[in-house]
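Subject: Structure handover

Hello,

Here is the structure you asked about, with the sequence alongside. My notes on what was found in it follow below.

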Amino acid sequence: ARSLHLNLNGAFRDLRLEAAVTLDEGVEGSTPKDFVSDGLFIPAPFNARTLQTYGRGTYTLIPGLAATGQVRWLSSEHPGHPTLDQTEVFGALEYRYGAFVVSVEDRYGWNETATGAYKVNQFMFRIFRQIGLGGR
């Protein structure tokens with residue numbers, strides 16, 4: 001299996017930016033006993049590949065209140081499964097008070113496979129409590 005991940009992060013005052021590219025390739029499924037490969041070139045019936053890119057920006061409007069936007073693209077090819085291409089746009093407004101978080105989120109996605117295409121729109125209102133370290 002091979003994996004490549006490039007991650008770029010930046011911040012300026014109240015703005016945080018992040019971009020990433022991930023490529024995963026390798027053998028998926030069972031191979032016959034007499035399977036031979038040099039590890040660099042994998043026969044097509046066993047080759048699995050996923051490529052993902054995304055960009056994200058978060059801007060703190062006032063202490064505790066932040067707006068986030070994200071764009072993501074994914075292409076996935078796995079033996080025995082249809083190829084999947086997915087594009088997603090995400091936006092959120094999030095308020096943090098201590099360990100409690102209230103957020104309003106909208107996620108819109110386009111999914112394409114060999115059998116057709118469909119769109120998904122998710123609108124969420126969430127209230128949760130964050131436990132432990134890892135606050136943003």
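Strand E3, residues 47-62, pairs with E4 in the antiparallel sense, over 13 bridges. Please keep in mind throughout that this is a predicted model. Within the pairing, Leu-51 stands opposite Ser-75 in E4. The two strands make a hairpin with two residues between them, and Gly-64 in that turn has a positive phi of about 95°.

On to the other partner of E4. Strand E5 covers residues 84-97 and runs antiparallel to E4, with 12 bridges joining the two. Here Gln-70 stands opposite Phe-90. E4 and E5 also form a hairpin, this one with six residues between the strands; Gly-80 in the turn has a positive phi of about 80°.

One residue of E4 in detail: Ser-76 lies in this strand, which spans residues 65-77. Is Ser-76 buried or exposed? Its relative accessibility is 12%, and because the cut-off for buried is under 20%, Ser-76 counts as buried. Leaving aside residues up to four places away in sequence, Ser-76 touches Arg-49, Thr-50, Pro-82, Thr-83 and Leu-84.

Salt bridges

The count comes to six salt bridges. One of them joins Arg-72 to Glu-88, with the closest N and O atoms 3.5 Å apart. Arg-72 is in strand E4 and Glu-88 in strand E5, so this pair ties together parts that are 16 residues apart in sequence. Arg-72 counts as buried at 15% relative accessibility, and Glu-88 is buried too, with a relative accessible area of 10%.

Glu-88 also meets the side chain of Arg-107 in a salt bridge, at 2.9 Å from N to O. Arg-107 belongs to strand E6 (residues 100-113) and Glu-88 to E5, so the parts tied together here are 19 residues apart in sequence. Arg-107 is partly exposed, with a relative accessible area of 24%.

Another salt bridge links Arg-96 and Glu-94, whose closest N and O atoms are 3.2 Å apart. Arg-96 is buried, with a relative accessible area of 18%, and Glu-94 counts as buried at 13% relative accessibility. In addition, Arg-2, Glu-25 and Arg-49 are linked in a network of salt bridges. Arg-49 appeared above as one of the residues that Ser-76 touches.

Aromatic rings

How many aromatic pairs does a search of the whole structure find? It finds one. The pair consists of Tyr-108 and Trp-110 and is edge-to-face, at 4.9 Å centre to centre and with 75° between the planes. Tyr-108 counts as partly exposed at 30% relative accessibility, and Trp-110 is partly exposed with a relative accessible area of 31%.

The chain as a whole

The secondary structure comes to zero helices and seven strands; from the N terminus on, the elements run β-β-β-β-β-β-β. Of the 136 residues in the protein chain, 21% count as buried. The accessible surface of the chain comes to about 9500 Å², and 60% of this belongs to carbon and sulfur atoms. Among contacts with a separation of 6 or more, 41% are accounted for by residues 24 or more positions apart.

Regards

Technical notes:
Residues numbered from 1 in each chain as written. Predicted model: local features only at pLDDT ≥ 70, side-chain atom pairs only at ≥ 80, totals over all residues. Heavy atoms only, no water. Helix = DSSP H or I, 4+ residues; strand = E, 2+ residues; numbered from the N terminus. Buried < 20%, exposed > 50% of the residue type's maximum accessible area, 1.4 Å probe, protein only. Contact = heavy atoms within 4.5 Å. Pairing = 2+ DSSP bridges. Areas by Shrake-Rupley, 256 points an atom, 1.4 Å probe, with all protein chains shown as cover. Phe/Tyr/Trp six-rings, centres within 6.5 Å; stacked < 30°, edge-to-face > 60°. Salt bridge = Lys/Arg side-chain N within 4 Å of Asp/Glu carboxyl O.
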